[in-house]
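Visitor: I am new to reading protein structures. Could you show me one and explain the words you use for it?

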Amino acid sequence: MTKPLADRIALVTGASRGIGFATAIALAKAGAHIVATARTQGGLEELDDEIRKDGGSATLVPLNLTDSDGIARLGAGLHERYGKLDILVGNAGVLGPSSPIGHIELKTFNDVMAVNVSANFQLIRCMEPLLRQSDAGRAVFITSGAANKATAYVSPYAASKAALETLARAWAQETANTKLRINLFNPGPVRTRMRATLMPGEDPATLDTPEQVAEYIVPLCAPDWTETGKFYDYKTRTLMSFRAPA
């Protein structure tokens, strides 16, 4: 039986652990060839082993996403090898400091923005031409409830996710009349290393796993997904529209 994502090329950032790792495996099980990026070579090799266990295939790209020229080279390489990109999952992100705003150094703030915002901006610039070559280009960016809650003591992270949401929504509007579909996915609290760093006293057994979350990301990557510029909230299993404050 043909798999739903057979012959599709999926780029997943931050794929060496957590939600990115699980999403890459889930997309591969659905038939996609995975182009996996992360800073950690060992984590990428573990991912490759897991994907191959199920008969899938992956291309591993060790890459620090703050290397904007590296992202451009990746786009050129994908163009040369495949001539298209069907799926982009912008998952890579950093938490940054947990501290009052006045105690945060400017460089630390900029470091968070570089990974969570600027890298995704460069991904959009370099991957949009490839996604437009697909018969059903799909992009999903992983966001956080901190963006709209303006969560105290994690202001760089919250601000970066708010900026990412606006960036993705603007891109969705710009491409609304194309075959591209661009959406945001909020996983909420998940059993990841980032969550454990933020909430060290929390019992991880009370949280859903990245594997459970990934199963809900895959449909947003499928050719039959038609919504764009929306926000999928995993906790409530709800697809939401953005609206101005009341």
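Guide: What follows is a short tour by question and answer.

Guide: This is a predicted model, where local features need pLDDT of at least 70, side-chain atom pairs count only at pLDDT 80 or more, and totals for chains, interfaces and linings use all residues. Residues are numbered from 1 along each chain as its sequence is written, and side-chain values use heavy atoms, with hydrogens and water left out.

Visitor: What makes a stretch of the protein chain a helix or a strand?

Guide: Both are DSSP runs, numbered from the N terminus: helices are H or I with at least four residues, strands are E with at least two. By that rule, the protein chain has eight helices and eight strands.

Visitor: How do you know that the chain fits a compact globule?

Guide: Take the radius of gyration over C-alpha atoms; the globule rule is 2.2 Å times the number of residues to the power 0.38. For 246 residues that gives a value near 18 Å, and the protein chain has 17 Å, so the two agree. The C-alpha atoms fill a box of roughly 50 × 40 × 35 Å along the principal axes.

Visitor: What makes two strands a pair?

Guide: DSSP must find at least two bridges between them. E1 and E4 have three bridges and run parallel. Four bridges join E4 to E5, again in parallel. E5 (residues 138-142) and E6 (residues 181-186) share five, also parallel. Each count meets the cut-off of at least two, so these are pairs.

Visitor: Which residues face each other across these pairs?

Guide: Leu11 stands opposite Leu88 in E4. Gly90 has Phe141 in E5 as its bridge partner. Ile142 is partnered by Phe185 in E6.

Visitor: In what order do the strands of the open sheet lie?

Guide: The order of the eight strands is E3-E2-E1-E4-E5-E6-E7-E8, with mixed pairing. Strands E3 (58-62) and E8 (238-240) are the edges, since each pairs on one side only. Neighbouring strands are turned by 20° against each other on average, direction ignored.

Visitor: How do you get an angle between a helix and a strand?

Guide: Axes are lines fitted to C-alpha atoms, for helices over the stretch in contact, and angles between N-to-C directions run from 0 to 180 degrees. Contact means heavy atoms within 4.5 Å. Helix H2 (residues 41-53) lies across E2 and E3, at about 175° to E3. Helix H8 (residues 210-217) lies across E5, E6 and E7, at about 155° to E6.

Visitor: Why is Pro4 called exposed?

Guide: Buried means under 20% relative accessible area, exposed over 50%, and partly exposed in between (1.4 Å probe, protein chains only). Pro4 has 63%, so it is exposed. Pro4 lies in the segment before E1. Beyond neighbours within four places in sequence, Pro4 is in contact with Ala30 and Pro223.

Visitor: Why is Arg237 called partly exposed?

Guide: Its relative accessibility is 37%, which puts Arg237 in the middle class. Arg237 sits in the loop between E7 and E8. Its phi is positive, about 55°, although it is not a glycine.

Visitor: What makes a positive phi worth a remark?

Guide: Most residues other than glycine have a negative phi. Ala150 has a positive one too, near 50°. Ala150 is in the loop between H5 and H6. At 59% relative accessible area, Ala150 is exposed.

Visitor: How do you know that H6 has the span expected of a helix?

Guide: The expected span is 1.5 Å times one less than the number of residues. For the 20 residues of H6 (residues 155-174) that is 28 Å, and the end C-alpha atoms are 28 Å apart, so the span agrees.

Visitor: What makes a group of residues a nonpolar core?

Guide: Its members are buried Ala, Val, Leu, Ile, Met, Phe, Trp, Tyr and Cys residues, joined through side-chain atoms within 4.5 Å. The largest one here has 37 residues, and Leu5, Leu27, Ile34, Leu47, Phe185 and Ile217 touch the most other members. H1 gives the most to this core, with eight residues. Apart from it lies another core of 29 residues, among them Val35, Leu78, Ala92 and Met127.

Visitor: How do you know that both faces of E4 are covered?

Guide: Ile87 and Val89 on one side are buried, and so are Leu88 and Gly90 on the other. In a regular strand the side chains alternate between the two faces of the sheet.
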